[in-house]
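Visitor: I have a structure to look at and no idea how to read it. Could you walk me through it?

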Amino acid sequence: MLCFNRLAIGFWISLIINFGSGRLAESGALSSVVALGANIICNKIPGLAPRQRAICRSRPDAIVAIGEGVKLGIAECQYQFRNMRWNCSSVSEDDSVFGVQHKRASKESAFSSAITSAGVVYAITQACSVGHLSKCGCDTSKMEGKYTSKGWKWGGCSADIKHGLKIARKFIDAREIEENAKSLMNRHNNRAGRKAVKDNMGTECKCHGVSGSCTMKTCWTRLPPFRKIGEHLLNKYNSAKLVKPWISGDRLQRPKYLIIKKSKRPNRKPRRSDLVYLERSPLYCDYDPETGSLGTVGRKCNRTSTGNDGCDLMCCGRGYNTHQYTRTWQCNCRFHWCCYVNCNNCSERREEYTCK
Ligand SMILES: *[C@@H]1O[C@H](CO)[C@@H](O)[C@H](O)[C@H]1NC(C)=O
Ligand SMILES: *[C@@H]1O[C@H](CO)[C@@H](O)[C@H](O)[C@H]1NC(C)=O
Ligand SMILES: *[C@@H]1O[C@H](CO)[C@@H](O)[C@H](O)[C@H]1NC(C)=O
């Protein structure tokens, strides 16, 4: 059911994205066109969670940004994991529209949830700042001209992250309503992703005054480059916490919250910024739809590296194929008076390695 649900929304979001990414997106016509289409489409999608259906109907403008945020998250995930066995792809085919799907409640699943949530917060906040969304704009608590206790003024448009946090929480967490450990895990990681954006917000300032003397300064809050959030979450992935559900005094055995599995202190809860997981990862060496592993056959590897991108680790000891090719380029270019440039052709034998 949940699977079908995701697929349906995925389909729909891809429709809206394709629909909204053209010239329409720049014109004011978008919101009305999308609103019209949204009502029809929202009603027809079977299996949408009621809360998602409500958001779908009431905020078609936000849905476009949600779709963009998911894409942003996936692109960053693929960048951060480009040299690892798991490269942020999955067996499922609807990744591109709903974040990467996982069969196991692994660390990789945790990272996927967090980066997708972060992407949605980010895209919504960005859309707010440039005035693409009807219900938000710049941060009104940092009003232009208002002095701070540090002696400078707020100026320009301070990014207002509150709306993005709220939309991301409402829309993404709406899929995690079951009272089980997996839902608790997903909600925790979704929140860690939102928090990653919040904690990485920056302040940018501009100096005014005689020859840039900075006697006067105006500042505004802004989103960091999304890469910074990707790096932040990769650190959290590397120190992700294995957790287990904590069940007590409930006849239905519903977990109340998650606790760290191997901890000296009993019943220790993970921090809000931690990524958490319930199951160990597969090795990701071989193709296995059961665990959601694509395997590393055909992946490029580095023969001299001893890291994750090295052929030893990447190919899991199966060995690698060597491909030779010739690279040619123009070199030793000389300028002749007057007026032409003469170059030599240089070439080089190159080798590339892919896992067997
Ligand atoms: C990730 O690895 C799989 C399996 O080897 C490959 O098919 C896919 O193209 C890779 N994806 C990216 C984004 O590199
Ligand atoms: C392969 O790894 C080595 C050692 O880590 C590094 O110096 C080199 O640039 C890498 N080559 C490629 C093609 O990435
Ligand atoms: C370099 O290669 C180009 C096309 O491959 C050829 O037209 C040109 O004559 C070559 N130049 C020299 C100096 O060999």
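Guide: Here is a short tour of the sheets, the ligands, the cavities and the backbone.

Guide: This is a predicted model, so to speak of local features we need pLDDT of at least 70, side-chain atom pairs count only at pLDDT 80 or more, and totals for chains, interfaces and linings use all residues. Residues are numbered from 1 along each chain as its sequence is written, chains are lettered from A and ligands numbered from 1 in the order in which they are written, and side-chain values use heavy atoms, with hydrogens and water left out.

Visitor: How do I read a sheet, and in which order do S9, S10 and S11 lie?

Guide: Strands of a sheet pair through backbone hydrogen bonds, either parallel or antiparallel. A strand here is a DSSP run of E with at least two residues, numbered from the N terminus, and two strands pair if DSSP finds at least two bridges between them. In this model, 3 strands make an open sheet in the order S9-S11-S10, with antiparallel pairing. Strand S9 (300-301) and strand S10 (320-336) are at the edges with a single partner strand each, so one side of each has no neighbour in the sheet.

Visitor: How many bridges hold S10 and S11 together?

Guide: S10 and S11 (residues 340-355) pair over 15 bridges, in the antiparallel sense. You can follow the register by eye: Cys331 has Asn344 in S11 as its bridge partner, and Arg334 stands opposite Asn342. A hairpin of 3 residues joins S10 to S11. On the S9 side, S9 and S11 share 2 antiparallel bridges, and Lys300 is partnered by Thr354 in S11.

Visitor: What about S5, S4 and S6: what kind of pairing do they show?

Guide: They form an open sheet of 3 strands in the order S5-S4-S6, and the pairing is mixed. S5 and S6 are the edge strands, each pairing on one side only. Strand S4 (residues 241-246) runs antiparallel to S5, joined by 4 bridges, with Pro245 partnered by Leu258 in S5.

Visitor: Does S3 run parallel or antiparallel to S1?

Guide: Parallel: 2 bridges join S1 (residues 153-154) to S3 (residues 216-222), and Lys153 has Thr218 in S3 as its bridge partner. With S2 (residues 202-208), S3 runs antiparallel over 7 bridges. There, Cys205 stands opposite Cys219 in S3.

Visitor: Now the ligands. Which residues surround ligand 1?

Guide: A residue counts as near a molecule if one of its heavy atoms lies within 4 Å of it. Around ligand 1 you'll find Gln78, Asn87, Ser89, Gly295, Val297 and Arg299. For polar contacts, look for pairs of N or O atoms within 3.5 Å. Asn87 has a polar side-chain atom 2.4 Å from an oxygen atom of ligand 1, and a polar side-chain atom of Ser89 is 3.2 Å from a nitrogen atom of ligand 1. On its own ligand 1 has 360 Å² of accessible area (Shrake-Rupley method, 1.4 Å probe), and the protein covers 52% of that.

Visitor: And which residues are around ligand 2?

Guide: Asn302, Thr304 and Ser305 are. An N or O atom in the side chain of Asn302 is 2.3 Å from an oxygen atom of ligand 2. Taken alone, ligand 2 exposes 360 Å², of which the protein buries 25%.

Visitor: How do I find empty space, and how many cavities of 30 Å³ or more are there?

Guide: Rolling a probe the size of a water molecule over the atoms shows where empty space is left. A cavity is a set of points, on a 1 Å grid over the protein atoms alone, where a 1.4 Å probe fits but cannot get out; lining residues have an atom within 4 Å of a point. A volume is the space filled by probe spheres set on the points. The structure holds 2 cavities of 30 Å³ or more. The largest has a volume of about 60 Å³, and its lining includes Trp86, Ser89, His102 and Tyr284. The second largest cavity holds about 40 Å³, and among its lining residues are Arg85, Trp86, Asn87 and Ser89.

Visitor: Last one: where should I look for unusual backbone?

Guide: Most residues other than glycine have a negative phi, and most peptide bonds are trans. Here, the peptide bond from Cys338 to Cys339 is cis, with omega near 20°; Cys339 sits in the loop between S10 and S11. Asn267 has a positive phi, near 50°, and lies in the loop between S5 (257-260) and S6 (276-277).

Terms used. A polar contact is a pair of N or O atoms within 3.5 Å; within protein, one must be able to donate a hydrogen and the other to accept it, and residues adjacent in sequence count only if both atoms are side-chain atoms. On a 1 Å grid over the protein atoms alone, a cavity is a set of points where a 1.4 Å probe fits but cannot get out, and a pocket is an open set with protein on both sides within 12 Å along at least five of seven lines; lining residues have an atom within 4 Å of a point.
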